[in-house]
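Q: Hey, I'm new to this one and would like to walk through it with you. Can you put it up so we can chat about it?

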Amino acid sequence: MTDKKSVCELVDKSYGRCRMTGTFIDEFYTEFLGCSPLVAEKFKNTDMEQQKRLLDQASAT
């Protein structure tokens with residue numbers, strides 16, 4: 001069985017590979033917001049550029 005730290009490391013590495021495309025965050029939010037009108041409604045007043053920067057910064061820590 002894999003411990004929590006190993007799982008976190010695997011997720012971090014996978015996310016890092018995804019980000020290398022340079023378009024991952026934009027593509028993620030396009031798909032995420034398009035998956036449901038309810039999801040889009042929750043984010044309707046969100047500054048998406050700031051949201052994307054926050055996600056990018058969170059992944060660097």
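Q: What does Glu49 form with Lys52, and how far apart are the closest N and O atoms?
A: Glu49 and Lys52 form a salt bridge, and their closest N and O atoms are 3.5 Å apart. Keep in mind that this is a predicted model.

Q: Where do Glu49 and Lys52 sit, and how many residues apart are they?
A: Both are in helix α4, three residues apart, which puts about one helical turn between them.

Q: Is Glu49 buried or exposed?
A: Somewhere in between: Glu49 has a relative accessible area of 47%, so it goes down as partly exposed.

Q: And Lys52, buried or exposed?
A: Lys52 is buried, at 17% relative accessible area. The cut-off for buried is under 20%, so 17% qualifies.

Q: Which residues are joined with Glu49 and Lys52 into one network?
A: Asp26 joins them: salt bridges with shared partners make one network out of Asp26, Glu49 and Lys52.

Q: What's the N to O distance between Asp26 and Lys52?
A: It's 2.7 Å, in a salt bridge between the two side chains. Asp26 belongs to helix α2 (residues 24–34) and Lys52 to helix α4 (residues 48–59), so this pair ties together parts that are 26 residues apart in sequence.

Q: How accessible is Asp26?
A: Asp26 has 39% relative accessibility, so it counts as partly exposed.

Q: How many salt bridges does the structure hold?
A: Four. One of them is between the side chains of Lys44 and Glu41, at 3.0 Å from N to O.

Q: What about accessibility for Lys44 and Glu41?
A: Lys44 counts as exposed at 52% relative accessibility, while Glu41 counts as partly exposed at 46%.

Q: Sticking with charge, how far apart are the mean positions of the positive and negative charges?
A: They're 4 Å apart, taken over 9 positive and 10 negative charges in the chain.

Q: New topic: rings. How many aromatic pairs are there?
A: The structure holds six aromatic pairs. Take Tyr15 and Phe24: their ring centres are 5.5 Å apart and the planes make an angle of 75 degrees, so that pair is edge-to-face.

Q: Why give both a distance and an angle?
A: Because a pair of aromatic rings is described by the distance of the centres and the angle of the planes.

Q: How accessible are Tyr15 and Phe24?
A: Tyr15 is at 19% relative accessibility and counts as buried. Phe24 is at 22%, which makes it partly exposed.

Q: What sort of pair do Tyr29 and Phe32 form?
A: Tyr29 and Phe32 are an edge-to-face pair, 6.5 Å centre to centre with 70 degrees between the planes. They're three residues apart in helix α2, so about one helical turn separates them.

Q: Is Tyr29 buried or exposed, and what about Phe32?
A: Tyr29 counts as buried at 7% relative accessibility, whereas Phe32 counts as partly exposed at 29%.

Q: Which residues do the ring pairs link into a cluster?
A: The cluster takes in Tyr15, Phe24, Phe28, Tyr29, Phe32 and Phe43.

Q: What about Ile25, where does that one lie?
A: Ile25 lies in helix α2, and at 13% relative accessibility it counts as buried. From Ile25 to Glu9, C-alpha to C-alpha, is 20 Å in space, with their positions 16 residues apart in sequence.

Q: Let's zoom out. How many helices and strands does the chain have?
A: Four helices and zero strands. Going along the sequence, the pattern reads α-α-α-α.

Q: How does its radius of gyration compare with a compact globule's?
A: The chain has 14 Å, whereas a compact globule of 61 residues would come out near 10 Å. Along the principal axes, the C-alpha trace spans about 40 × 25 × 20 Å.

Q: Last bit: what share of the residues is buried, and how much area does the chain expose?
A: Buried residues make up 11% of the 61. The chain exposes about 5200 Å², with 57% of that supplied by carbon and sulfur atoms.

Technical notes. Residues are numbered from 1 along each chain as its sequence is written. This is a predicted model: local features need pLDDT of at least 70, side-chain atom pairs count only at pLDDT 80 or more; totals for chains, interfaces and linings use all residues. Side-chain values use heavy atoms; hydrogens and water are left out. Helices (H or I, at least four residues) and strands (E, at least two) are DSSP runs, numbered from the N terminus. The radius of gyration is taken over C-alpha atoms; the globule rule is 2.2 Å times the number of residues to the power 0.38. Buried means under 20% relative accessible area, exposed over 50%, partly exposed in between (1.4 Å probe, protein chains only). Accessible areas come from the Shrake-Rupley method with a 1.4 Å probe; for residues, only the protein chains shown count as cover. Lys and Arg count as positive and Asp and Glu as negative; His and the chain ends are not counted. The place of a charge is taken as NZ of Lys, CZ of Arg, CG of Asp or CD of Glu. Rings of Phe, Tyr and Trp (its six-membered ring) pair if their centres lie within 6.5 Å; planes under 30 degrees apart count as stacked, over 60 as edge-to-face and the rest as tilted.
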